[in-house]
Amino acid sequence: MIWHIIKKQGLLFWRNKQQLILLIALPIILIAILGAALGSGFDNESSPIKMKVAFIEQVEEQDQIEQFLTDLQEQVPSGVVDEIKSNIDMMAPITNIKAVLESEEVKEFLEITYMDPSEKSVIVDDESYTAIVEVPEGFSYDVLESMVFNNVISPTLLITYNEEQQVGTSIVSSFFTQFQEQLTLGTFLGEKGIDLSAIDYQEVNGEVISINEQKPVSASAYYTIGMTVMNVLFLAGAVGYYAYYEKEINVFNRIIMANISRWVYFSGVLASGTIFAFIQSLIIFGFSWLVYGIRFPDILDFLVVTVAYSFAIGGLAVLLSALNYRLNSETITNFFMNIIATLLAVLGGSFYPIGDFSSLFQTLGNMTPNGAGLTAYLTLLRGEGIAGISDNLMYLVIFALMTVVVAALCFPKRGVSA
Amino acid sequence: MIELVDLTKKFKQMYAVKNLNMFIERGEIVGLLGPNGAGKSTAISMLSSLVEPTSGDVRFENNSILKKPAPFRKVVGMVPQNIALYTDLTAEENLLFFGRIYRLHGKELERKVDEVLEQIGLTDRRKDVVKKFSGGMQRRLNIGVAMLHDPEVLIMDEPTVGIDPQSRNYILETVKRLNEDRNMTVLYTSHYMEEVEFLCDRIYIMDKGNLIASGTKDEIKQILSSEKTISITMERLNDEFVEVLKQNPQVNRVTTGEKEVTILVPRDANVFSEIIRLAESTGIELNSVDNKTPTLEDVFLHLTGRALRD
């Protein structure tokens, strides 16, 4: 029976072209408009944030390494010197920083310019730079010395930030803080007598790159997700409207008179909401994939999020239907479509990244079903797996179950005549 | 077969139905008559187990359908006053969907859909979406859906509202045929006296939630045995003429139409000369003065002082 309710709902959607356009074409148009107007174009490879960083070395690192090795020969046996010499490339801090800065992943969002110390004053006045990284005199020498002799000296890079670029400043700061931690780790290992050659360079490199793994999301990708999760909310309203329409024209009474349990009908609305939300999401994401090349790294993870979000929408559809029946009015659906859905879209971050606001705002946003769905999709798009979105998935499922329980409590016991 | 016992429905302080007692025997067509707002729809909603009564009971084969509605629902077909159809689906899709909810499957379902489409005269339009149908065709399909599972009892709530005379006749003939050919029991509610007179064996008349008369057509018309109805038609209605009629001691009731006045007078009263005199004194040019056979409409007028469609 539930299948026939779903099939009937599908036919009703299919025959109502105006509604189909609103549910499918509208989000696609909005994605195009918002992506173009608010983002950095539709180049999927481009990052919404590109930061310029100036890099200034006071003294060439190679000179410091040679000086260090010369001094080392006077203090340790020649065998140890030979071993350090063979690993010196992996130990040289500036060489490692440059290797990371020039990697393809970092180049996507960091533009590094190597400058002469004499040019610093010019760069300070140039507001296009997010930060100036200065390698102080003797930095590499001190790092190597602290690694080998467990010195307490803590060599530090000098970084000057452009406070007017807060987002970029935060990213650059986080990037170099992590690098500094790698240096400290190296020193710590040295302190504990661990063979430096045993340090897996790739592992260290991987840690440094961990911030790079949070791939930037293009504007078109962001608004594809934002508009999809928002417009799927309207589908819940549409299903709720149809359920109320069935009550209004006494079709619901016919169903009750046919000895069909109200729970079967109720389940039919839930299943219809879930399935058609799923189909709507697939169509919009499919379009974005074909036209803008927006694709999720793992299709299975994407489907898991889509099912969870669609289930939440199904729950919302049942709740709206039950409230309409209980209040004997479609006011609830109209209020949801005209006010609540828009409010949820704003709170959930469909129009602007909520990550840029306060943590309270972010928490509130993630407590909306669309916000939780959006965060989950964005996290997947940045390269994380299911483990990284377990909270969002859990929230969506709990939200769906709660709406179903509340709807069940509201649903009328008999028919709805008179 | 079906019994309504002291059935009452109260909405806040207002009685929609008050102490309604009715019975319906197998194979008869029973009319439930009354103006809009009389309580007919509420009564049949309670009878159909869709609305819980404030007090009283509904029994089917001596079992309360309020406690166990399933056996009754299985044998009843409901034709609601509204068009309870999906107007964006075709006639066939509607019948297939509602057939499925009545647990019909496969070939049996297809056969029933064909049979019902034939009965309601829509076989040629089966693939058309319902919203393209005329009001009469939609009404016929509305009835067809209720007949899909071969019900023993058909409850029809004003099934001919707002349709053309041709479709109306078609529906009335269909109901008559179903009763004669299949011994189908029908409860027919309407505020059209002529429909009830044409179809029904017995009649219940409701007004303002109360049952005001019941019996066979002849029994009900006997209520008017002491009175007769006179219809007066004229070129243009005159308020002064109506007023003097109302004040005449021989006239019991007066109702007015566009160019017609109907009066109830004692059966042995000779009022023709008096009517002509009153017309002359008020400047009215009469077209006709007829002594009418009493109708159910006249009975309702006699009982309530109002016309059914007031």
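**Figure 1. Secondary structure of chain B, as it appears in this predicted model.** Welcome to chain B, where 11 helices and 14 strands make up the secondary structure. The chain has 310 residues, and 43% of them count as buried. If you like contact maps, here is a number for you: among contacts in chain B between residues at least 6 apart in sequence, 69% join residues at least 24 apart.

**Figure 2. The side of chain B that touches chain A.** Here 26 residues of chain B meet 22 residues of chain A. Four elements of chain B each give two or more residues to this side: the helices α1 (40–47), α2 (70–75) and α3 (91–101), together with strand β6 (76–79). Of these, α3(B) gives the most, with five residues. Sorted by class, the side of chain B facing its partner holds 15 nonpolar, six charged and five polar residues.

**Figure 3. Strand β4 of chain B and its pairing with β1 and β5.** Start with β1 (residues 2–11), which runs antiparallel to β4 (residues 55–60) and is joined to β4 by five bridges. Look for B:Leu4 in this view: the residue opposite is B:Val58 of β4(B). Strand β4(B) also pairs with β5 (residues 63–64), again in the antiparallel sense, through two bridges. One residue pair to pick out here is B:Phe60 and B:Asn63, bridge partners, with B:Asn63 lying in β5(B).

**Figure 4. The hairpin of β4(B) and β5(B), centred on B:Glu61.** Two residues lie between the strands of this hairpin. While you are checking backbone torsions, stop at B:Glu61, whose phi is positive, near 50 degrees.

**Figure 5. B:Asp150 in the loop between α5 and β7 of chain B.** This loop links α5 (135–147) with β7 (153–157). B:Asp150 is not a glycine, yet its phi is positive, near 50 degrees. Is B:Asp150 buried or partly exposed? B:Asp150 has 14 other C-beta atoms within 10 Å, so the residue is partly exposed; burial would take 20 or more.

**Figure 6. B:Glu158 in the loop that follows, between β7 and α6 of chain B.** Helix α6 spans residues 165–182. Here is another positive phi in a residue other than glycine, with B:Glu158 near 45 degrees. Why does B:Glu158 count as buried? The reason is its 21 C-beta neighbours inside 10 Å, given that 20 or more are enough for a residue to be buried.

How values were computed: Residues are numbered from 1 along each chain as its sequence is written. Chains are lettered from A and ligands numbered from 1 in the order in which they are written. This is a predicted model: local features need pLDDT of at least 70, side-chain atom pairs count only at pLDDT 80 or more; totals for chains, interfaces and linings use all residues. Two residues are in contact if their C-beta atoms, placed from the backbone, lie within 7 Å. Ala, Val, Leu, Ile, Met, Phe, Trp, Tyr, Cys and Pro count as nonpolar, Asp, Glu, Lys and Arg as charged, and the others, Gly among them, as polar. A residue is buried if 20 or more other C-beta atoms lie within 10 Å of its own, exposed if 12 or fewer, and partly exposed in between; C-beta atoms are placed from the backbone. Two strands pair if DSSP finds at least two bridges between them.
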